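Open the model in your viewer and keep the sequence panel beside it. The stops below are given in the order in which to select them.

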Amino acid sequence: KAVKFRGAATGLLTGLMPAANTWAAPVATDAMLQQGETLYRSGTSPRNNPVIAVVAGGTRLPGSAASCAGCHGRDGSGRSEGGITAPDIRWTALTQAGTRDLAAGRSAKPYDEATLVRAITRGLDSSGNTLAATMPRFELYGEDLEALTAYLKQLHLQRDPGITDQRIVISSV
């Protein structure tokens, strides 16, 4: 059943999980990971569900105008552009033991699935601090949010195209 998330600042998770600390992500299938990759890279749902990015001031944009990869990079390692630095969102970075120093000078607990969902949908980090205003708050169907979360959890395992254990392709025609 699709669960549509509405209202970036209120009750987004109630349809997806009974309580934030008891939610377990579904087992990721290849199809789910492909759906998550499409959402990450393009900000669109392969199921044609609407994806809305709510940006500073409450402006609602199509998700394609604010894809994750657009700011965090194809590999999720983060990047800087126009004086804004998007952090590393690879699962290995998000779940580091102990606390992390954030660009804002705060520390935060390691992320888990529930706090990652909260960051994506409500703009709150793993410790409940408000994320930068440049981070959109996304409205997604539950199935899309599950797929995106599953993809983000394995993004650190992705290799750049053209790189294998045996060779590196510099260019091809």
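The tour goes from the whole chain to a sheet, then to a loop, a helix, a strand residue and the cysteines.

**The whole chain**

Start with everything shown as a cartoon, and keep in mind that this is a predicted model. The protein chain holds five helices and seven strands. Traced from the N terminus, these elements follow the order α-β-β-α-β-β-α-β-β-α-β-α. Now switch on a surface: the protein chain exposes about 9,600 Å², with carbon and sulfur atoms supplying 52% of that area. Of its 173 residues, 39% are buried. If you draw contacts between residues at least 6 apart in sequence, 50% of them join residues at least 24 apart.

**The sheet E2-E1-E7**

Select residues 52-55, which are strand E1, then add strand E2 (59-62) and strand E7 (137-139). These three strands form an open sheet in the order E2-E1-E7, with antiparallel pairing. E2 and E7 are the edge strands, each pairing on one side only. Look along the sheet to see how its neighbouring strands are turned against each other, by 30 degrees on average with direction ignored.

Next, take the two pairings one at a time. E1 and E2 run antiparallel and are joined by four bridges. To find a point of register on this side, select Val55, which stands opposite Thr59 in E2. The hairpin of E1 and E2 has three residues between the strands, and Gly57 there takes a positive phi near 85 degrees. On the other side, E1 pairs with E7 in the antiparallel sense over three bridges. Here the residue to select is Val54, whose opposite in E7 is Arg137.

**The loop before E1**

Move back along the chain to the loop between helix H1 (30-42) and E1, and select Asn48. Asn48 is not a glycine, yet its phi is positive, at about 65 degrees. Is this residue, Asn48, buried or exposed? Asn48 is exposed, with a relative accessible area of 71%.

In this loop between H1 and E1 you also find Pro46. Pro46 is partly exposed, at 42% relative accessible area. Show what surrounds Pro46: leaving aside neighbours within four places in sequence, it is in contact with Gln35, Thr38 and Leu39. For a distance to display, pick the C-alpha atoms of Pro46 and Gly36, which lie 8.9 Å apart in space and 10 residues apart in sequence.

**Helix H4**

Select residues 113-122, helix H4. Why can this helix, H4, be called largely enclosed by the rest of the structure? Nine of its 10 residues are buried, so the rest of the structure largely encloses H4. Display the side chains of the buried set: Glu113, Ala114, Thr115, Leu116, Val117, Arg118, Ala119, Ile120 and Thr121. To see what these buried residues pack against, add helix H3 (91-94), E7 and helix H5 (142-154). E7 is thus a link back to the sheet, where it is an edge strand.

Then look at the two ends of H4. At its start, a side-chain oxygen of Asp112 comes within 3.1 Å of the backbone nitrogen of Ala114. After the helix comes Gly123, with a positive phi near 75 degrees.

**Ala108 in strand E6**

Go next to strand E6 (residues 107-108) and select Ala108. Ala108 counts as buried, at 1% relative accessibility. Add Asp125 and display the C-alpha distance: Ala108 and Asp125 are 7.2 Å apart in space and 17 residues apart in sequence.

**The cysteines**

Finally, select Cys68 and Cys71 and show their sulfur atoms. How many disulfides does a search of the whole structure find? The search finds zero. A disulfide is a covalent bond between the sulfur atoms of two cysteines. The cysteine sulfur closest to that of Cys68 is in Cys71, at 8.8 Å, and this is too far for a bond. For Cys71, the closest cysteine sulfur is in turn that of Cys68. The cut-off for counting a pair as a disulfide is 2.5 Å between sulfurs. Colour the two residues by accessibility to end the tour: Cys68 counts as buried at 15%, while Cys71 counts as partly exposed at 42%.

Technical notes
Residues numbered from 1 in each chain as written. Predicted model: local features only at pLDDT ≥ 70, side-chain atom pairs only at ≥ 80, totals over all residues. Heavy atoms only, no water. Pairing = 2+ DSSP bridges. Axes fitted to C-alpha atoms, helices over the stretch in contact; angles between N-to-C directions. Buried < 20%, exposed > 50% of the residue type's maximum accessible area, 1.4 Å probe, protein only. Contact = heavy atoms within 4.5 Å. Areas by Shrake-Rupley, 256 points an atom, 1.4 Å probe, with all protein chains shown as cover. Polar contact = N/O pair within 3.5 Å; in protein donor to acceptor, adjacent residues only side chain to side chain.
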